[in-house]
Amino acid sequence: MAQKDAMHVELCEPFDSAHPEMAAPSCRFCGTPLRHTFVDLGMSPLCESYVPAERLGAMEPFYPLHARICERCLLVQLDEFVGPEEIFAEYAYFSSYSDSWVKHARGYVGMAVERFGLDAQSLVVELASNDGYLLQHVVERGIPALGIEPAANVAAAARARGIETVVEFFGCELAARLVAEGRRADLLVANNVMAHVPDLNDFVGGMEPLLAPHGVVTIEVPHLVRLVEGNQFDTIYHEHFSYFSFLTARRLLWAHGLEVFDVDELGTHGGSLRVFAQRRSGGRQPVSSRVAALAERECALGYDTLEGHGDFAPRVEETKWRLVEFLIERRREGKRVAGYGAPGKGNTLLNYCGIRTDLLEFTVDRNPYKQGQFLPGTHIPVRDPEALAQARPDFILILPWNLKEEIVSQLSYTREWGARCVVPIPEVEVL
Ligand SMILES: [Zn+2]
């Protein structure tokens, strides 16, 4: 098994350039034409394009949400229909609005500072640093930090916290410029960004040059194996271009000069990987046995073959039917159902299932940016969480089901009028 796995790492090295002559979409990593469907969720609007009241009468663009798998490198991916400038120029997601996410970031910083001996002479660079939810914990410890964040509105929030932030997309060119300015990262953090990068080779290609000679890069990315096991099809959306198994993530990093030396499996985002890597030449971290163990486990599950990626699509369809059945039955009983949260994944779910205000009256979100707007495609209104106490719904559908413990505890007051919380994924469950 280990030998087979090693062979697999070599498969895509060196990778081909894209095949511009091909009309069919081609793999964003290795350039092979994409001929195989992973799951097709039909047409959907961009999941972060919340609709203000004055635009409710306007046309809305819908794009195919068709995940394909590359037969050569096995990367699961979506086509890029909309440029990242359009998606991320004014991003609605402020990481600091989630208590558990801020806590996760604090725990991560504590671990990294201790494990890699970071101090006032080090530099921590975070790619897609959002509103500084993570780097604030680095700066608090007196360690220099630099954020790179293309969305100007969230970058402004980070600067207000005193975190130096470059408002640009990361890639080879920006990495070269930073290196020319004498800046190299002892710790390079890329949490929940690699999946969102259309030009994957340019993004990952910038990492190794930006690292200090013995620097470490850590990457958190949702784990494809957990997506499949947990039936988390709602985490497939246009802004999320690539879906990684450990095998594909490791192959990608290797092709760009980085050796994976450790991996953790995390509970965040429904199951993520934290991959630790260093320069293929010169890195001094020992390689953990967890690397081979996880690679072998994925091979045993079939993630080293096209066929092994499973019969995902029929399960997704069955989940849709069950959720719609549940909502129709509640409606026939005269019950009221509201939502909690307005995350991107909720919009994939609601659009794929065709759930509009006839089945879900409204949803609420703590993020004031989303309040008063309407969900893309379905036009379900987003209200302040206080709206729940006024409407007193019988059921509350938790759309960010990955945060269900935190949300159920926040909603404990709704038991006063007998409300029950419901999660849609992996299947409909009344809590
Ligand atoms: Zn490929």
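Reader: Hi! Let's start with the metal: which residues coordinate the zinc ion?

Author: Happy to help. In this predicted model, the zinc ion is held by the SG atoms of Cys27, Cys30, Cys70 and Cys73, at 2.2 to 2.3 Å.

Reader: And what arrangement do the 4 donor atoms make?

Author: A tetrahedral one, because the angles they subtend around the zinc ion run from 99 to 120°. For reference, the ideal angle for four tetrahedral donors is 109.5 degrees.

Reader: What spacing do the donors follow along the chain?

Author: The pattern is C-x2-C-x39-C-x2-C. Cysteine 27 sits in the loop between helix 1 (2-10) and strand 1 (36-44), and cysteine 73 in the loop between strand 2 (63-69) and strand 3 (76-77), so this pair ties together parts that are 46 residues apart in sequence.

Reader: Is cysteine 27 buried or exposed? And what about cysteine 73, buried or exposed?

Author: Cysteine 27 is buried, because its relative accessibility of 4% is under the 20% cut-off. Cysteine 73 is buried as well, at 2%.

Reader: Nice. Zooming out, how many helices and strands does the protein have?

Author: There are 15 helices and 17 strands. The C-alpha trace spans about 65 × 50 × 40 Å along its principal axes.

Reader: How does the radius of gyration fit a compact globule?

Author: It agrees: for 431 residues a compact globule would come out near 22 Å, and the protein has 22 Å. Of those 431 residues, 57% count as buried. As for contacts between residues at least 6 apart in sequence, 70% join residues at least 24 apart.

Reader: What about the surface: how much does the protein expose?

Author: About 17500 Å², with carbon and sulfur atoms supplying 51% of that.

Reader: Let's move to strand 11. How many of its residues are buried?

Author: Strand 11 (residues 272-279) has 8 of its 8 residues buried.

Reader: Which strands does strand 11 run antiparallel to?

Author: Strand 8 (residues 211-222) is joined to strand 11 by 6 bridges, and strand 10 (residues 258-266) by 8 bridges. Leucine 273 is a handy place to look: valine 221 stands opposite this residue, and so does glutamate 265.

Reader: What links strand 10 and strand 11?

Author: They form a hairpin with 5 residues between them, and histidine 269 in the turn has a positive phi of about 50°.

Reader: Where else should I look for a positive phi in a residue that is not a glycine?

Author: Try arginine 392, with a phi of about 45°. Arginine 392 is in the loop between helix 14 (386-391) and strand 15 (395-398), and is partly exposed at 42% relative accessible area. Histidine 379 also has a positive phi, near 55°. That histidine 379 lies in the loop between strand 13 (363-364) and strand 14 and is partly exposed, at 22%.

Reader: Strand 14 belongs to a sheet, right? What is the strand order there?

Author: The order is 14-13-12-15-16-17, an open sheet of 6 strands with mixed pairing. Its edges are strand 14 (382-383) and strand 17 (429-430), each pairing on one side only.

Reader: How do strand 16 and strand 17 pair?

Author: Strand 16 (residues 420-423) and strand 17 are antiparallel over 2 bridges, with valine 422 opposite valine 430. Proline 426 lies in the loop between the two strands, and a cis peptide bond joins isoleucine 425 to proline 426, with omega about 5°.

Conventions
Residues are numbered from 1 along each chain as its sequence is written. This is a predicted model: local features need pLDDT of at least 70, side-chain atom pairs count only at pLDDT 80 or more; totals for chains, interfaces and linings use all residues. Side-chain values use heavy atoms; hydrogens and water are left out. Donors are N, O and S atoms within 2.8 Å of the metal (3.2 Å for Na, K and Ca); water is not among the atoms, so sites may look incomplete. Four donors count as tetrahedral if all angles lie between 85 and 135 degrees; four count as square planar and six as octahedral if opposite donors are over 155 degrees apart and all others between 65 and 115; anything else is irregular. Helices (H or I, at least four residues) and strands (E, at least two) are DSSP runs, numbered from the N terminus. Buried means under 20% relative accessible area, exposed over 50%, partly exposed in between (1.4 Å probe, protein chains only). The radius of gyration is taken over C-alpha atoms; the globule rule is 2.2 Å times the number of residues to the power 0.38. Contact means heavy atoms within 4.5 Å. Accessible areas come from the Shrake-Rupley method with a 1.4 Å probe; for residues, only the protein chains shown count as cover. Two strands pair if DSSP finds at least two bridges between them.
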